[in-house]
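Dear colleague,

Please find below the structure that I am handing over to you. I should be grateful if you would read the notes beneath it alongside the model.

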Amino acid sequence: MALGGVKIVGVGHHAPAHVVANSDLEQWLDTSDEWITARTGMKRRHWAAAGESTSDLALVAANQALEYAGLQATDIDCFIVCTVTPDYYFPATACLVAARLGAKDRPAFDISIACSGFIYGLTAASGLIRSGVYQRIMLIGAETLSKILNKDDRSTAILFGDGAGAVILEAAQENSFLSSELGSDASRPELLYVEAGGSRHPIDRAALDERLNLVQMQGREIFKTAVIKMIEATAKALEKAALSKSDITLLIPHQANKRIIDAAAHYLEMPGDKVVTNIHEYGNTSAASIPIALSETVRAGKIQPGNVIVFVAFGGGLSWGAVTWRWAA
Ligand code: ACO
């Protein structure tokens with residue numbers, strides 16, 4: 001079957017108004033602005049208010065993307081939300097977003113693969129468009145990780161923030177999607193997980209007392225694997241696209257830790273001005289981090305037609321992935 005092309009025609013992003021600076025965290029955690037800045041590159045993160053949900057953030061980003069593209073919600077054939085902090089177990093957050101946008105009859109589904117969500121989503125959405133199933137897809141990465149954080153655990157509470165980024169993908173003559181490399185390994189889920197709340201360990205009083213319904217992470221282990229897998233995935237994605245490191249215009253990595261981003265940039269031999277980082281402002285927003293960074297970069301006029309972008313992420317699962325993308329007019 002001959003595949004068609006796909007391109008991005010709209011971008012948008014949004015973060016909650018409430019900003020939590022490193023100095024705010026010092027108020028109740030045994031931590032410091034110096035430690036957080038040096039170990040992670042983070043200065044601030046945005047945390048949703050009580051009652052502010054993932055679909056609330058996604059909706060704002062989606063409306064911005066529609067406005068950017070000059071489209072109505074009813075012009076979209078399918079809605080996908082990448083999130084591990086959905087409004088509910090079900091309905092899917094994508095269904096909520098579609099209905100709230102006024103496109104309630106459209107297909108909509110969520111992708112749950114933590115920080116790699118946008119990479120998996122971009123791969124799936126591009127495939128659906130290139131194979132002719134849909135003409136236009138709204139792909140959103142949206143999270144309210146603050147709702148599943150143990151705010152008394154300094155090893156995780158400092159890292160995560162809330163936000164949403166949206167892109168609209170459209171069938172096109174030219175083809176932006178050049179390659180994808182995805183992977184996962186859940187042989188040790190306890191490295192990064194929320195232990196209770198699913199079918200293996202439903203929430204009960206003991207789980208709540210031990211805060212097993214909140215994020216637990218073995219950061220040092222994750223750090224090492226993240227660096228290795230992000231570099232491997234990037235190398236394989238470049239190979240699949242018959243590209244070399246010097247062909248890359250811009251690296252847009254998942255914003256988990258400035259030191260992880262620096263390691264990936266070092267491997268790709270990319271100078272700092274070609275690596276998009278906004279970790280100082282948002283912290284780690286999981287599936288939202290890459291689409292937020294992309295939206296900011298596009299809106300700042302820093303991406304030109306023909307530019308080759310590498311998107312790369314690593315996260316819970318464990319999971320990882322990279323996509324190479326040629327920006328189209
Ligand atoms: N403030 C001060 N000290 C701290 C803090 C803190 N917030 N957190 C930990 N420490 C201490 C530790 O207790 C330890 O003290 P010790 O030496 O006395 O035992 C010391 O600092 C060093 O701890 P490490 O865990 O070794 O610190 P590290 O340099 O590895 O940084 C971090 C920790 C930032 C969590 C890092 O490991 C990391 O970024 N890991 C990867 C996170 C990630 O990428 N997650 C994947 C995506 S998330 C997702 O998918 C949802």
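The notes below concern the ligand site first and some individual residues afterwards.

This is a predicted model, in which local features need pLDDT of at least 70 and side-chain atom pairs count only at pLDDT 80 or more, while totals for chains, interfaces and linings use all residues. Residues are numbered from 1 along each chain as its sequence is written, and side-chain values use heavy atoms, with hydrogens and water left out.

The ligand

There are 26 residues around the ligand (a heavy atom within 4 Å of it), and those that come nearest are Thr31, Arg39, Cys115, Arg220 and Asn257. By class, the shell holds 13 nonpolar, eight polar and five charged residues; here Ala, Val, Leu, Ile, Met, Phe, Trp, Tyr, Cys and Pro count as nonpolar, Asp, Glu, Lys and Arg as charged, and the others, Gly among them, as polar. Helices (H or I, at least four residues) and strands (E, at least two) are DSSP runs, numbered from the N terminus. At least two shell residues come from each of α2 (33-40), α6 (154-157), α8 (219-240), α9 (258-267) and β12 (308-315), and α8 gives the largest share, four residues.

The side chain of Arg39 places an N or O atom 2.7 Å from an oxygen atom of the ligand. For Arg154, a polar side-chain atom is 3.0 Å from a ligand oxygen atom, and for Gly316 a backbone N or O atom is 2.7 Å from one.

Individual residues

Asn278, in the loop between α9 and α10, is buried (under 20% relative accessible area, by a 1.4 Å probe with protein chains only), at 5%. Its side chain joins that of Glu296 in a polar contact of 3.1 Å, that is, a pair of N or O atoms within 3.5 Å, one able to donate a hydrogen and the other to accept it; residues adjacent in sequence count only if both atoms are side-chain atoms.

Most residues other than glycine have a negative phi, and most peptide bonds are trans. Arg211, in the loop between α7 (205-209) and β10 (215-217), has a positive phi near 60°. Ala242, in the loop between α8 and β11 (250-253), has a positive phi near 55°. Two cis peptide bonds may also be noted: Phe90 to Pro91, with omega near 5°, and Gly317 to Leu318, with omega near -10°. Pro91 lies in the loop between β4 (78-82) and α4 (93-101), and Leu318 in the loop between β12 and β13 (319-326).

Yours sincerely

Terms used:
Buried means under 20% relative accessible area, exposed over 50%, partly exposed in between (1.4 Å probe, protein chains only).
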